[in-house]
Number of protein chains: 2
Amino acid sequence: MNNISKIQSIAKWLSQKNIDIAFINNFNTIKYLTGFNSDPIERVLALIIFKDKEPFIFCPSLEVEAIKENNWPYEIYSYMDDEDPYKLIANTIYKNISNPQKIAIEAKNLTVFKLKKLTNLFPNTNFSTYIDDYIDQLRVIKSEQEIELLLKAGKDADFAFQTAFNKIHEGVTEQQISTEIDYSLKKKGIMHTSFDPLIQFGKHAAEPHGETSDIKATKNELILIDLGTVYNNYISDATRTVALGKITDRQKDIYNICLEANLEAINAIKPGISAKELDGIARNIITKYGYGDYFIHRLGHGIGQSEHEYPDISQSSNIILKKGMCFSIEPGIYIPNELGVRIEDCVYVTKNGCKTFTNTTKKLLQL
Amino acid sequence: MNNISKIQSIAKWLSQKNIDIAFINNFNTIKYLTGFNSDPIERVLALIIFKDKEPFIFCPSLEVEAIKENNWPYEIYSYMDDEDPYKLIANTIYKNISNPQKIAIEAKNLTVFKLKKLTNLFPNTNFSTYIDDYIDQLRVIKSEQEIELLLKAGKDADFAFQTAFNKIHEGVTEQQISTEIDYSLKKKGIMHTSFDPLIQFGKHAAEPHGETSDIKATKNELILIDLGTVYNNYISDATRTVALGKITDRQKDIYNICLEANLEAINAIKPGISAKELDGIARNIITKYGYGDYFIHRLGHGIGQSEHEYPDISQSSNIILKKGMCFSIEPGIYIPNELGVRIEDCVYVTKNGCKTFTNTTKKLLQL
């Protein structure tokens with residue numbers, strides 16, 4: 001799936017701002033606009049969009065075939081490993097425009113080193129316009145077709161939770177559960193997770209960015225499962241926390257506080273509310289019960305083709321929600337050396353409210 | 001494993017160059033220097049090294065526990081999602097140095113956007129020194145301990161090839177083989193691959209950067225398997241091409257040409273030879289037989305904690321090899337719509353020659 005109409009929107013934006021060229025080099029943006037999905041690592045991949053000429057892709061020669069398979073309708077220029085890619089890009093640009101005045105860049109992705117290469121080759125060109133925010137705006141409202149794909153990714157995440165729940169028992173390691181999730185997905189043809197399934201038992205879950213380890217499950221503890229899948233470049237991301245054996249009232253209370261924060265925030269979502277208000281709703285609930293200091297991250301992040309994208313759902317985000325925006329709601333309570341609870345769904349904003357992409361139960365499961 | 005002595009080397013380098021600070025924000029560099037392994041995605045992670053004071057790590061608050069677990073002996077400063085990380089970093093730096101004259105940056109990693117944040121906060125500071133090349137030099141000669149880890153990663157890759165060979169049969173899909181490789185590794189406790197195993201059948205292998213697909217294996221074709229594993233942050237990367245059923249003389253010839261290029265290049269490796277000469281040895285062999293136009297990438301890339309690192313082994317790389325350098329040798333011949341062959345081992349340079357990290361046979365297997 002390519003987005004030629006969005007490339008045309010960028011060309012129009014360039015024209016309105018009287019900028020000659022957009023130099024797009026974030027491979028996630030290129031994936032979004034062209035359907036071609038490849039991280040060039042240290043090689044050079046760029047999409048050059050002109051205000052009034054046909055765009056072209058510049059890529060390593062070994063990517064040409066794969067780009068053609070994505071039905072790219074315009075030119076592809078490529079380079080060999082022993083050639084200087086920047087010189088070749090510059091030559092191709094100069095063939096189209098003899099003296100570009102302004103080139104817009106993705107400042108949140110372009111490195112200082114690459115910009116220096118470009119400014120050496122275009123000494124008379126102004127590179128001070130950043131296109132990042134405009135691209136965020138292009139991507140933030142998901143089309144019906146995009147929401148369909150996100151729903152499909154959500155279904156795959158629900159499937160993965162069922163595997164996880166089935167594999168939890170005393171003595172199993174975090175890594176074993178993660179392995180079985182991954183394997184069951186791949187056996188079903190779901191080849192890509194958006195990140196390795198994160199499984200954390202008991203107090204290990206107090207590290208929200210810890211890694212799945214060889215810790216073994218013991219009775220009477222909470223287990224956190226955070227996972228995500230990829231469907232046709234679109235991502236799911238969800239977290240459930242479940243109990244193995246009998247848990248204490250305190251464990252249950254903390255779970256229910258986190259759940260209340262999750263449900264109340266989701267309940268409040270509708271066009272017109274701000275991201276900041278939403279974060280506040282969840283944060284106030286957790287704070288009211290005395291756990292505010294243990295909710296050590298924002299409420300959520302945008303989702304789409306990227307795992308974390310615009311908009312940010314945090315205390316400092318003034319963005320007003322609109323129909324078609326997609327993001328996570330993931331309150332968490334992390335008590336060092338004791339436990340961690342996080343409950344996460346991604347949602348899309350509808351005309352009057354929102355819907356979740358994942359539907360695995362949030363009632364506390366006791367396995 | 002942290003590398004405090006390498007941090008001290010950087011401090012010494014700063015002192016020699018009269019630079020106050022190195023601003024390290026490539027998470028791979030931070031992993032190498034501190035042992036802490038986490039991609040902060042859109043959050044901010046930095047290691048601040050002073051020429052004459054103790055370094056500190058600056059990280060999202062939810063990473064603090066994980067960094068402590070890596071025995072980081074110096075200060076950790078953290079920020080919450082609703083705080084401005086750059087302001088906090090700047091304040092902490094200013095507490096140490098009231099008026100830094102020069103801050104060195106990783107220009108190949110720092111984005112234009114982040115540099116702008118820094119220059120706004122340090123308006124009187126010069127940011128034009130790039131530390132990238134020095135860090136490449138710090139990392140390029142692997143210690144005996146690092147080579148031990150790379151050898152262990154290589155053994156895991158050899159294990160993965162055995163799984164792959166066992167799973168190849170008529171009708172199996174590329175994805176099924178990839179899935180089984182991954183699962184068998186994880187069942188053995190080898191939790192991370194350095195990239196998803198790339199399996200390509202027949203003419204699909206003519207796209208050296210194509211993706212593992214649902215194409216089914218048919219008799220009488222060549223099958224390319226490129227895979228890599230991670231052992232304690234150190235990476236393996238190797239490729240084998242094998243035959244399913246009977247193949248033609250032409251297929252065999254092309255395989256043997258690629259093998260000759262692989263073996264002759266490996267045979268030529270020793271301290272003192274240049275990367276360019278090495279690439280030339282392999283390229284000349286392939287060219288001599290008439291397939292030079294189908295070897296469309298460089299001969300190899302450095303390896304260590306990163307899948308692709310310094311040094312580059314290409315026609316344009318003048319680096320002279322030294323004992324302890326580690327890199328791939330991976331000649332390939334890709335004939336569009338027909339076949340692809342690549343044979344890859346990573347090696348480390350010894351006193352008189354080199355040794356490979358992987359030892360899976362390179363004799364053409366006919367499965």
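This briefing covers how two chains fit together and which local features stand out.

The model is predicted. Chain B lies on chain A with an RMSD of 0.0 Å after a turn of 180° and a shift of 0.0 Å along the axis. The two copies are thus related as by a two-fold rotation axis. Between them, chain B and chain A bury about 4500 Å².

**Symmetry**

- Two copies of a chain are related by a rotation about an axis and a shift along it.
- Here the turn is 180° and the shift along the axis is 0.0 Å.
- Of the residues of chain B, B:T111 comes closest to the rotation axis. Its C-alpha lies at 2.1 Å.
- The same surface serves both copies. Of the contact residues of chain B, 100% recur in chain A.

**The interface: extent and make-up**

- In chain B, 46 residues are in contact with 46 residues of chain A.
- Of the area buried between the two chains, 56% is on carbon and sulfur atoms.
- Three residues lead in the area that chain B buries against chain A: B:L62, B:V112 and B:H209. They supply 14% of that area, more than any other three residues.
- There are 16 residue pairs in polar contact between chain B and chain A, with both residues at pLDDT 80 or more.
- Three helices of chain B each supply at least two residues of the side that touches chain A. They are α3 (64-69), α5 (112-121) and α8 (174-187).
- The largest share of that side comes from α8(B), with seven residues.
- By class, the side of chain B that touches chain A has 18 charged, 16 nonpolar and 12 polar residues.

**Salt bridges**

- Over all chains, the count comes to 27 salt bridges.
- Between chain B and chain A, the count is two.
- In one salt bridge, the side chains of A:D182 and B:K186 meet at 3.0 Å, N to O.
- A:D182 lies in helix α8 (residues 174-187) of chain A and B:K186 in helix α8 of chain B, so this pair joins two chains.

**Aromatic pairs**

- The structure holds 21 aromatic pairs over all chains.
- A:F161 and A:F165 form a stacked pair, because their ring centres are 6.0 Å apart and their planes stand at 25°. The cut-off for stacking is planes under 30 degrees apart.
- Both A:F161 and A:F165 lie in helix α7 (residues 144-167) of chain A. They are four residues apart, about one turn of the helix.

**Cis peptide bonds**

- In chain A, the peptide bond from A:Y310 to A:P311 is cis, with omega near 5°. A:P311 sits in strand β11 (residues 309-313) of chain A.
- In chain B, the peptide bond from B:Y310 to B:P311 is cis, with omega near 5°. B:P311 sits in strand β11 (residues 309-313) of chain B.

**Positive phi in chain B**

- B:N18 has phi near 55°, a positive value in a residue other than glycine. B:N18 is in the loop between α1 (4-17) and β1 (21-24) of chain B.
- B:N233 has phi near 75°, also a positive value in a residue other than glycine. B:N233 is in the loop between β7 (221-231) and β8 (234-235) of chain B.

Definitions and conventions. Residues numbered from 1 in each chain as written. Chains lettered and ligands numbered in written order. Predicted model: local features only at pLDDT ≥ 70, side-chain atom pairs only at ≥ 80, totals over all residues. Heavy atoms only, no water. Least-squares fit on C-alpha atoms with pLDDT ≥ 70 in both. Contact = heavy atoms within 4.5 Å. Buried area = accessible area lost by both parts, 1.4 Å probe. Salt bridge = Lys/Arg side-chain N within 4 Å of Asp/Glu carboxyl O. Polar contact = N/O pair within 3.5 Å; in protein donor to acceptor, adjacent residues only side chain to side chain. Nonpolar A, V, L, I, M, F, W, Y, C, P; charged D, E, K, R; others polar. Phe/Tyr/Trp six-rings, centres within 6.5 Å; stacked < 30°, edge-to-face > 60°.
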